[in-house]
Amino acid sequence: MTKGLIHHLEIYVSNLQKSTEFWGWLLGELGYVPFQSWEGGSSFKQGETYLTFVQTEDRFLDIPYHRCRTGLNHLAFHLPDRGELDALTEKLKDRGTNILYADRHPHAGGPDYYAVFFEDPDRIKVELVAK
C-alpha cells in the first residue's frame, strides 16, 4: 500500500437515487465497480480507493451545496488520453449533464490543459483531465 494514498471519500447528497445513478455511471466509465450498498448510501471502488455517497438527513437539506463555500470545491480524475476524454464528454452531453465553461472547452484550465468540467446532481464540480 502506498503511504498517503486516499482510502475513501464520503460525500453527502441531497437525492441518493439521482446521485447513485449519476456517479454509478460515471465511476463505471472510469473503472470503478460497485462496492457497498445500504438503505442510506452506496460506494464504488477502484483498487484500494472508494467513493461513498450518503443521503443527507432532511434536517440538513435546508442549505444546498455550493462549491464556493468552505469545503469541497471539486473532484478531478485522470483519463489516459484526449480521445477517451472527448468520447466521455460526448456521453456526458448525451446524458444532459451540465458542462461548465463550454465556451473554453477543452482548454478551460489553460492552453496546455486538456479537461472537461461538469456538475453532478448536487452541482458538485467534477473534472476529467487527460494529457
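Let's start in the loop between E6 and E7, where you'll find Tyr101. Keep in mind as you look around that this is a predicted model. Tyr101 has a backbone quirk: its phi is positive, about 55°, even though it is not a glycine. Why does that catch the eye? Most residues other than glycine have a negative phi. As for its surroundings, Tyr101 counts as partly exposed because its relative accessible area is 27%, and the partly exposed range lies between 20% and 50%.

Stay with that loop a little longer. Pro106 also sits between strand E6 (99–100) and strand E7 (114–119). The peptide bond that joins His105 to Pro106 is cis, with omega at about 0°. Again there is a general pattern to set this against: most peptide bonds are trans.

Now move along to the loop between E7 and E8, which holds Arg123. Here is another residue that is not a glycine but has a positive phi, this time about 70°. Arg123 is partly exposed too, with a relative accessible area of 47%.

From there, step into strand E8, which covers residues 125–130 and includes Val129. Is Val129 buried or exposed? With a relative accessibility of 16%, Val129 counts as buried, since the cut-off for buried is under 20%. What does Val129 touch, once neighbours within four places in sequence are set aside? Its contacts are Phe77, His78, Leu79, Leu85, Tyr113, Tyr114 and Ala115. Pick out Ala115 from that group: 14 residues separate it from Val129 in sequence, yet their C-alpha atoms are 4.3 Å apart in space.

Next, have a look at strand E3, residues 41–46, where Ser42 is located. Ser42 has a relative accessibility of 5%, so it counts as buried. Its side chain makes a polar contact of 3.2 Å with the side chain of Thr20. Leaving out residues up to four places away in sequence, Ser42 touches Leu16, Thr20, Gln36, Ser37, Leu51, Thr52 and Phe53.

Strand E4, residues 49–55, brings us to Thr49. Thr49 is buried as well, at 16% relative accessibility. What does the side chain of Thr49 reach at 2.8 Å? The partner is the backbone oxygen of Ile6. Ile6 also turns up in the list of residues that Thr49 touches, along with Leu5, His7, Tyr32 and Phe44, again not counting residues up to four places away in sequence.

Finally, turn to a pair of helices. H1 spans residues 16–29 and H2 spans residues 82–94; their axes come within 12 Å and cross at roughly 165°. That angle makes H1 roughly antiparallel to H2, because anything over 145 degrees counts that way. The crossing of H1 and H2 is right-handed. Which residues make the contact? On the H1 side they are Trp25, Leu26 and Glu29, and on the H2 side they are Leu88, Lys91 and Leu92. Sorted by class, the contact of H1 with H2 is made up of four nonpolar and two charged residues, with no polar ones.

Key: Residues numbered from 1 in each chain as written. Predicted model: local features only at pLDDT ≥ 70, side-chain atom pairs only at ≥ 80, totals over all residues. Heavy atoms only, no water. Axes fitted to C-alpha atoms, helices over the stretch in contact; angles between N-to-C directions. Helix = DSSP H or I, 4+ residues; strand = E, 2+ residues; numbered from the N terminus. Parallel < 35°, antiparallel > 145°, perpendicular 65-115°, else oblique. Left-handed = near helix turned anticlockwise from the far one by under 90°. Contact = heavy atoms within 4.5 Å. Nonpolar A, V, L, I, M, F, W, Y, C, P; charged D, E, K, R; others polar. Buried < 20%, exposed > 50% of the residue type's maximum accessible area, 1.4 Å probe, protein only. Polar contact = N/O pair within 3.5 Å; in protein donor to acceptor, adjacent residues only side chain to side chain.
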